[in-house]
Amino acid sequence: FEGVRPPSARLQWRDPEASAWQEEELALDADSLRYLFKQVQRPFAYQVEAGEGHTPVFQVRVIEPPVVQRLRLEYHYPAYSGLPVKSDEENGDISGLAGTRVLLELEASQPLASAELVRDDTLRQAMQVEGSRARSSLTIEREGHYHLELRDDKGIASRDPIRYAIQVLHDAPPSVALAEPGRDLDLPKDLKINLRVEAADDFGVGRLSLVWRLNSKAEERRDLPFRADRLVSLTHT
């Protein structure tokens with residue numbers, strides 16, 4: 001302040017959509033004053049009046065940091081599992097067999113200059129950026145977590161990124177049982193035996209083979225037809 005200093009000044013501010021000013025009276029005990037606007041979320045205009053003087057009206061523009069608006073995961077399971085490719089856009093948490101390759105594709109709220117996939121807060125991996133989209137991949141090897149760090153073309157970085165879990169699913173071996181006859185028995189006169197087979201696997205039974213040998217002859221094998229599922233029950237004669 002210059003000239004005759006009044007005892008107080010009025011700080012006035014308003015949102016762009018508001019017609020009336022809000023104001024606060026501030027005591028002046030020096031030739032300058034300092035005021036802090038806290039937790040600014042929206043743009044606003046402000047000015048200061050003191051005595052018969054006043055400043056121009058200044059504008060505060062709020063710059064939004066980039067955020068992830070959409071995240072898509074695409075699972076490519078190990079070949080031995082026989083599982084098809086699966087997409088997930090509901091949740092950023094990753095859960096799959098060890099060795100599964102996961103493709104990540106995100107869409108941000110604004111054009112990006114860079115993006116990084118950070119595993120366990122230490123391992124940083126640059127993502128391929130194109131406009132507001134970014135892509136990368138990771139292989140499930142161990143349990144942990146990851147998050148995504150973005151920087152827009154104005155140099156503004158994302159804040160408080162969401163931390164997603166990485167979970168390893170362990171593939172247990174399948175189980176199979178002959179529910180019928182389920183015991184030793186003599187061959188009946190019609191030389192036919194009805195078999196009921198029950199099999200289960202945590203990721204799905206991919207193949208069932210009947211193996212038999214007559215007396216001292218060579219072992220024989222036949223694949224049984226069935227619809228792939230986690231729980232399988234079929235009969236065979």
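**A walk from Trp 13 through strands, rings and charges**

Start at Trp 13, whose bridge partner in strand E3 is Tyr 46. Keep in mind as you look around that this is a predicted model. Trp 13 has a partner in E2 as well, namely Gln 22. Zoom out a little and you see the strands behind those pairings. Strand E1 (residues 8-14) runs antiparallel to strand E2 (residues 22-27), and six bridges join them. E1 is also joined to strand E3 (residues 44-50), again antiparallel, by five bridges.

Now stay with Trp 13 and Tyr 46, but look at their rings. Ring pairs link them into a cluster with Tyr 35, Phe 37, Phe 44 and Phe 58. Across the whole structure, a search turns up eight aromatic pairs. One of them is Phe 37 with Phe 44, a tilted pair with 4.8 Å from centre to centre and 50° between the planes. Phe 44 is buried, because its relative accessibility is 7% and the cut-off for buried is under 20%. Its partner Phe 37 has a relative accessible area of 26% and is partly exposed.

Tyr 46 and Phe 58 make another pair: their ring centres are 5.6 Å apart and their planes sit at 35°, so this pair counts as tilted too. Tyr 46 belongs to strand E3 and Phe 58 to strand E5 (residues 58-60), so the two rings tie together parts that are twelve residues apart in sequence. Both are partly exposed, with Tyr 46 at 26% relative accessibility and Phe 58 at 36%.

Next, the charges. The whole structure holds 19 salt bridges, and a good place to begin is Arg 72. Which residues does Arg 72 share a network of salt bridges with? They are Arg 70, Glu 74, Glu 89, Glu 105, Glu 107, Glu 130, Arg 133 and Arg 135.

Two of the contacts made by Arg 72 are worth a closer look. With Glu 74, the closest N and O atoms are 2.9 Å apart. With Glu 89, the closest N and O atoms are 3.9 Å apart. That second pair links distant parts of the chain, 17 residues apart: Arg 72 is in strand E6 (residues 68-76), while Glu 89 is in the loop between strand E7 (86-88) and strand E8 (94-97).

Are these three residues buried or partly exposed? Glu 74 counts as buried at 17% relative accessibility. Arg 72, at 24%, is partly exposed, and so is Glu 89, at 45%. In this part of the chain you can also find Lys 86 lying over the face of Tyr 75, at 4.9 Å from the ring centre.

Last stop: an open sheet of three strands, ordered E16-E17-E20 and paired antiparallel. Strand E16 (175-180) and strand E20 (231-236) are at the edges; each has a single partner strand, so one side of each has no neighbour in the sheet. From one strand to the next, the twist averages 20°.

Strand E17 (residues 195-200) pairs with E20 over six bridges, in the antiparallel sense. Leu 195 stands opposite His 236 in E20. A salt bridge also joins Arg 196 and Glu 198, with the closest N and O atoms 2.4 Å apart. In a regular strand, side chains alternate between the two faces of the sheet. Arg 196 is partly exposed, with a relative accessible area of 26%, and Glu 198 is partly exposed as well, at 35%.

Technical notes
Residues numbered from 1 in each chain as written. Predicted model: local features only at pLDDT ≥ 70, side-chain atom pairs only at ≥ 80, totals over all residues. Heavy atoms only, no water. Pairing = 2+ DSSP bridges. Helix = DSSP H or I, 4+ residues; strand = E, 2+ residues; numbered from the N terminus. Salt bridge = Lys/Arg side-chain N within 4 Å of Asp/Glu carboxyl O. Buried < 20%, exposed > 50% of the residue type's maximum accessible area, 1.4 Å probe, protein only. Axes fitted to C-alpha atoms, helices over the stretch in contact; angles between N-to-C directions. Phe/Tyr/Trp six-rings, centres within 6.5 Å; stacked < 30°, edge-to-face > 60°. Lys NZ or Arg CZ within 6 Å of the ring centre and 35° of its normal.
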